[in-house]
Amino acid sequence: MADNAKAELIAAPDEATRKVILKRVASSNVWREFYNLLPDSLKRKCWYCEAEEIRSDMPVDHFRPKNKVEDDRLHDGYWWLAFDWQNYRCACTFCNSRRVFDETEGGKACRFPLENPDERAFTPEDQAKLSNERPYFLDPFNPDDEKLLWFDNDGLPIAKPLATPEQQTKVGNSIEIFHLHESRIVRARNKVRLEVEKQIRKIKDNDDAQTAKAKLRRMVKDTEKLSRAAVVYLRAHRELPEVKDILNLV
């Protein structure tokens, strides 16, 4: 289904025809099929903010937006990637859609800033440029990106200690694009910190330490909600042998 839809899109003679194809119900079925084929372990949380139920439903986001690019007014969107599964990310509504509140605003919508905008791909023929693009925000497909994200003791997102200016900008863009500073998810991260501290006290006091270690191991698993926050807060106690073991520190 996806291959046929992509072929039809590539063959479309103009932008108007492409937009008609993208608006079809059948096109949505392609994205829904991708989500349904994912193992449950990958559908338990948003790939951007790691929220589970606290921030609503879980649509499929086009990492490179398919209709337009707000960061480049001349760009018609990465329409040729609309049916490419490598361009899909599972995202909660808060990360995927623009929201404005009294204290914060954010949501990806059609944002796609690049660190090297001169290398932006505009057509299917720009494969070399596409490969050279450096997204100026965090990508859950990049295992190194999540290591740039840190949190303060209130649950607010920040760049990792000793981050370079470029890395700080990348994290700052991500906080705004994915609305990572929204109050509910900040409070949820703070609860993670308190739970980590609770289990650490049990380990130090030898109060059912094995159960405490098992709890912490679950919290830092990639499939668990807010696992990055759990890792960050647990690293504050990395002098403990038990924590080194949990985080696989050497």
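## A walk from Arg89 into the aromatic cluster

Let us start at one residue, Arg89, which you will find in strand S2, the stretch covering residues 88-90. Keep in mind as you look around that this is a predicted model.

Is Arg89 buried or exposed? With a relative accessible area of 3%, Arg89 counts as buried, because the cut-off for that word is anything under 20%. Which residues does Arg89 touch, once its neighbours within four places in sequence are left aside? The contacts are Trp47, Tyr48, Pro59, Val60, Asp61, Phe63, Asp139, Pro140 and Phe141.

Pick out Phe63 from that list. Arg89 lies over the face of the Phe63 ring, 4.4 Å from the ring centre. You can find a similar arrangement at Trp79: the charged end of Arg18 sits over that ring, at 4.1 Å from its centre.

Now follow the rings themselves. The structure contains nine aromatic pairs. In one of them, Phe63 and Phe112 meet edge-to-face, with 5.2 Å from centre to centre and 90 degrees between the planes. What does this pair tie together? Phe63 belongs to the loop between strand S1 (60-62) and S2, while Phe112 belongs to the loop between strand S4 (105-106) and helix H5 (127-132), so the pair joins parts that are 49 residues apart in sequence. Phe63 and Phe112 are both buried.

Trp79 and Trp80 make another edge-to-face pair, with centres 5.7 Å apart and planes at 85 degrees. Both of these tryptophans are buried as well. If you keep tracing ring pairs, you arrive at a cluster that links Tyr48, Phe63, Tyr78, Trp79, Trp80, Phe112, Phe137 and Phe178. Two members of this cluster, Tyr48 and Phe63, are also among the contacts of Arg89.

Time to step back and look at the whole chain. The chain has ten helices and six strands, and its C-alpha trace spans about 70 × 40 × 40 Å along the principal axes. Of its 250 residues, 46% count as buried. Among contacts with a separation of 6 or more, 63% are between residues 24 or more positions apart.

Finally, turn to the surface and the charges. The accessible surface of the chain is about 13,500 Å², and 49% of that belongs to carbon and sulfur atoms. How many positive and negative side chains does the chain have? There are 44 positive and 44 negative ones, and the centres of the two sets lie 3 Å apart.

Definitions and conventions
Residues are numbered from 1 along each chain as its sequence is written. This is a predicted model: local features need pLDDT of at least 70, side-chain atom pairs count only at pLDDT 80 or more; totals for chains, interfaces and linings use all residues. Side-chain values use heavy atoms; hydrogens and water are left out. Helices (H or I, at least four residues) and strands (E, at least two) are DSSP runs, numbered from the N terminus. Buried means under 20% relative accessible area, exposed over 50%, partly exposed in between (1.4 Å probe, protein chains only). Contact means heavy atoms within 4.5 Å. Rings of Phe, Tyr and Trp (its six-membered ring) pair if their centres lie within 6.5 Å; planes under 30 degrees apart count as stacked, over 60 as edge-to-face and the rest as tilted. A charge sits over a ring if NZ of Lys or CZ of Arg is within 6 Å of the ring centre and within 35 degrees of the ring normal. Accessible areas come from the Shrake-Rupley method with a 1.4 Å probe; for residues, only the protein chains shown count as cover. Lys and Arg count as positive and Asp and Glu as negative; His and the chain ends are not counted. The place of a charge is taken as NZ of Lys, CZ of Arg, CG of Asp or CD of Glu.
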